[in-house]
Amino acid sequence: MGLLELVRRQWFLIGIVLVITGAKLQPSVGMHGGPLKPEITITYVAVSTIFFNSGLSLKTEELTNALMHVKLHMFVQTFTLAFFPSAIWFFLKLLALTSINPWLLKGLQTVGCMPPPVSSAVILTKAVGGNEAAAIFNSAFGSFLGIIITPLLLLLFLGSSSAVPFTSIFSQLFMTVVVPLIIGQIVRQYIKDWLERKKPPFGAISSCVLLMIIYSTFCDTFSNPKIDLDTFSLILIVFIIFSLQLSFMFLTFFISTRKKSGFTAADTVAVIFCSTHKSLTLGIPMLKIVFSGYEHLSLISVPLLIYHPTQILLGGLLVGTMKSWMVTRQKALNLARQVKIPV
């Protein structure tokens, strides 16, 4: 793979490194009250743009294809929005006894509260040959659920309501998340044919806006001399995130491959990716709203920024292995059926 090809494929991860570096070198540009006026351009314009873009790109008409697979949907949404954050909460009780930066631990909890991503789980499920329709449904449905449930989970587990009024959070969420999302869906109905023909780069647009939000967040961090992130804590968080991701993938694989589960091999692939992946595109704007005014917002955001490339990296590495497993599983099922045929 050439350098240009690597940059083309990993431009977003490279972008994250560049904007954080830029924020470190000149934090006054994007800090609160700075020339970019992030209190307006980021808090309202950028966040609204991301969710309008999501509403425009979500193919809700395709969700009916997978609507009836209720058991699979219940499992994915319950695992993602109930078991995942609860398991993280119990795990953090142990980690609180260590010397890891407490704000990074809070960031781990926010990862658990996030909904599934709109794209990566679907892309990886398709790459393996899994149940793509189920992945599309759960990614989209989980994103809609997350608009309501994620802020509630954040308030429940982190208690940010003491710093930011509950009504203020949800009024801002409604205006910058729900309304743009609905408008995007309405506009989509009128230009659906054009969108199908032209296929605008929705993912790239959201990613660029997301880089602006990350830049502004870290400008606030580096302009605050009180914030200190030690290398030891950061290395431990990276290790913990890799371990959590692998553990949850193995757990969902174990549960969904049991005979009583009723899931096919294709269903299992969708379950693994949709249940364990978390949305950075929806997550960062929500953190910006729910934790508005927090001087440690960027530290809280760090685990989610690490989790995002981790899920893509691990998912990509497992594509070949899971494909082989699906073929082997299908051969075993075919053999079992042949044995059952009466002589």
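A polar contact is a pair of N or O atoms within 3.5 Å; within protein, one must be able to donate a hydrogen and the other to accept it, and residues adjacent in sequence count only if both atoms are side-chain atoms. Helices (H or I, at least four residues) and strands (E, at least two) are DSSP runs, numbered from the N terminus.

The model is predicted: local features need pLDDT of at least 70, side-chain atom pairs count only at pLDDT 80 or more, and totals for chains, interfaces and linings use all residues. Residues are numbered from 1 along each chain as its sequence is written, and side-chain values use heavy atoms, with hydrogens and water left out.

**Exercise 1. State the secondary structure of the chain and its share of buried residues.**

Step 1. The chain contains 13 helices and zero strands.
Step 2. Buried means under 20% relative accessible area, exposed over 50%, and partly exposed in between (1.4 Å probe, protein chains only).
Step 3. Of the 343 residues in the chain, 48% are buried.

**Exercise 2. Compare the span of helix H5 with its expected span, then describe its cap and its cover.**

Step 1. The expected span of a helix is 1.5 Å times one less than its number of residues.
Step 2. Helix H5 (residues 102–113) has 12 residues, so it should span 16 Å; its end C-alpha atoms are 17 Å apart, which agrees.
Step 3. At the N-terminal end of H5, Asn101 acts as a cap, with a side-chain oxygen 2.8 Å from the backbone nitrogen of Trp103.
Step 4. H5 is mostly covered, as nine of its 12 residues are buried; among them are Leu104, Leu105 and Cys113.

**Exercise 3. Determine how the span of helix H7 departs from that of a straight helix, and where H7 bends.**

Step 1. Helix H7 (residues 132–158) has 27 residues, and a straight helix would reach 39 Å at 1.5 Å a residue.
Step 2. The end C-alpha atoms of H7 are only 34 Å apart, which is short of that value.
Step 3. The bend at a residue is the angle between axes fitted to the seven residues ending there and the seven starting there. At Gly146, H7 bends by about 50 degrees.
Step 4. Asn131 caps the N-terminal end of H7, where a side-chain oxygen lies 3.0 Å from the backbone nitrogen of Ala134.

**Exercise 4. Identify the partners in the salt bridge and classify their exposure.**

Step 1. A salt bridge is a side-chain nitrogen of Lys or Arg within 4 Å of a carboxyl oxygen of Asp or Glu. Side chains of opposite charge can pair when their charged atoms come close.
Step 2. The structure holds one salt bridge, in which the side chains of Glu196 and Arg188 meet (3.4 Å, N to O).
Step 3. Glu196 is partly exposed because its relative accessibility is 33%.
Step 4. Arg188 is buried, because its relative accessible area is 2%.

**Exercise 5. Locate two residues with positive phi and classify their exposure.**

Step 1. Lys37 is a residue other than glycine, yet its phi is positive, near 50 degrees. Lys37 lies in the loop between H2 and helix H3 (38–57).
Step 2. With a relative accessible area of 42%, Lys37 is partly exposed.
Step 3. Lys199 is not a glycine either, and its positive phi is about 50 degrees. Lys199 is found in the loop between helix H8 (166–198) and helix H9 (202–222).
Step 4. Lys199 counts as exposed, because its relative accessibility is 56%.
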